[in-house]
Amino acid sequence: MANALPVENTAAHRTQVIGIASGKGGVGKTTLAVNMAVALQAMGAKVMIFDADLGLANTQLHLGCACPFNLGHVLRGEKSFQEITVTTRTGVRLIPGASGVAELAALTTVDYGHLVQSFSALSEEVDYFLVDLAAGISPMVMTFLAATQRQFVVVKNEPASIADAYATIKLLVNDHKGIKDIHLIANAVESEMDGLQLFERMNQVAVRFLKQPLKFLGAVVKDDALQEACNAHQSVLEYAPHSLGARHIRQLALTLKSLPPAITVDSGLQFFFERTLKKS
């Protein structure tokens with residue numbers, strides 16, 4: 001693997017790489033990832049999403065775009081990452097995963113290494129690179145998550161979701177030392193106060209048992225407009241821009257933009273792929 005470029009000599013250090021995980025499926029992770037991407041793009045940022053669900057990908061459905069090629073074509077050596085990446089109608093760039101492709105759902109370590117190495121040819125300059133991870137805590141999910149600069153964990157105020165989100169955080173903290181920027185997003189809560197209280201409960205447990213304080217990105221309350229937008233293959237900012245869900249999504253994006261840049265000697269898009277390869 002080639003040596004990393006010095007941070008001061010490459011635009012890659014400007015890219016904020018953010019992993020979005022949930023532990024449990026069905027908590028609205030992809031919906032939030034897509035809508036935050038659209039909100040950030042509308043605010044003038046250059047945004048790319050990598051659909052890192054390598055077996056049941058559906059980000060393209062949420063964005064309402066056709067993806068003639070996907071990661072399966074890259075893995076088979078038929079296409080490059082530049083060739084499979086598409087620009088959605090909102091301007092967000094998407095690297096599509098694949099749904100129902102057997103070789104992607106069961107990658108070997110060697111295959112996975114080749115896949116990550118092929119990312120090195122992807123040189124687009126973006127401000128935010130969002131990694132929409134698969135549900136669960138498989139080694140591949142945790143590897144991608146640990147390689148990001150910031151980790152966003154989506155949780156609903158339900159016992160199963162809370163347990164799985166905590167399991168994700170526990171693995172991340174125990175197996176990947178140095179992880180310090182874990183943010184919770186409370187989704188589909190009854191009120192913003194309900195979301196804050198959910199965060200405070202989880203933070204107390206994380207501090208007590210993991211010695212790891214969490215951070216709170218914000219809450220999104222229950223809003224039928226989010227599901228309706230998803231069914232219409234649109235972001236909620238397009239479908240119902242004045243809805244409560246859209247307002248809370250924009251607030252998440254504003255909070256994200258207000259965070260200090262996660263600039264370290266191993267930050268940026270290039271380093272994300274290199275660090276992922278080292279852990280594979």
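This is a short tour of one protein, stop by stop, for you to follow in your viewer.

Before you click, know that this is a predicted model, where local features need pLDDT of at least 70, side-chain atom pairs count only at pLDDT 80 or more, and totals for chains, interfaces and linings use all residues. Residues are numbered from 1 along each chain as its sequence is written, and side-chain values use heavy atoms, with hydrogens and water left out.

**Stop 1: the whole protein.** Show everything as a cartoon. You're looking at 13 helices and eight strands; helices (H or I, at least four residues) and strands (E, at least two) are DSSP runs, numbered from the N terminus. Of the 280 residues, 54% count as buried, meaning under 20% relative accessible area with a 1.4 Å probe and protein chains only (exposed is over 50%, partly exposed is in between). Now take the contacts (heavy atoms within 4.5 Å) with a separation of 6 or more: residues 24 or more positions apart account for 78% of them.

**Stop 2: α8 and α9.** Select residues 159–175 for α8 and 192–210 for α9. They pack at about 35 degrees, with their axes 11 Å apart. Axes are lines fitted to C-alpha atoms, for helices over the stretch in contact, and angles run from 0 to 180 degrees between N-to-C directions. Next, show side chains: among those making the contact are I162, Y166 and I169 from α8, and L198, M202 and F209 from α9. Over the full contact you'd find 11 nonpolar, one polar and two charged residues. Here Ala, Val, Leu, Ile, Met, Phe, Trp, Tyr, Cys and Pro are nonpolar, Asp, Glu, Lys and Arg are charged, and the others, Gly among them, are polar.

**Stop 3: α7 against α8.** Keep α8 on screen and add α7, residues 139–147. The two axes come within 10 Å and cross at roughly 65 degrees, so α7 and α8 are roughly perpendicular to each other (that label covers 65 to 115 degrees; under 35 is roughly parallel, over 145 roughly antiparallel, and the rest oblique). Light up M142, L145 and A146 in α7, which meet T168, L171 and L172 in α8. This contact has five nonpolar, one polar and no charged residues.

**Stop 4: two cysteines.** Select C65 and C67. Why is there no bond between them? Their sulfurs are 4.0 Å apart, too far for one, because a disulfide is a pair of cysteine sulfur atoms within 2.5 Å. By this rule the count of disulfides is zero. While you're here, note that C65 is buried, with a relative accessible area of 17%.
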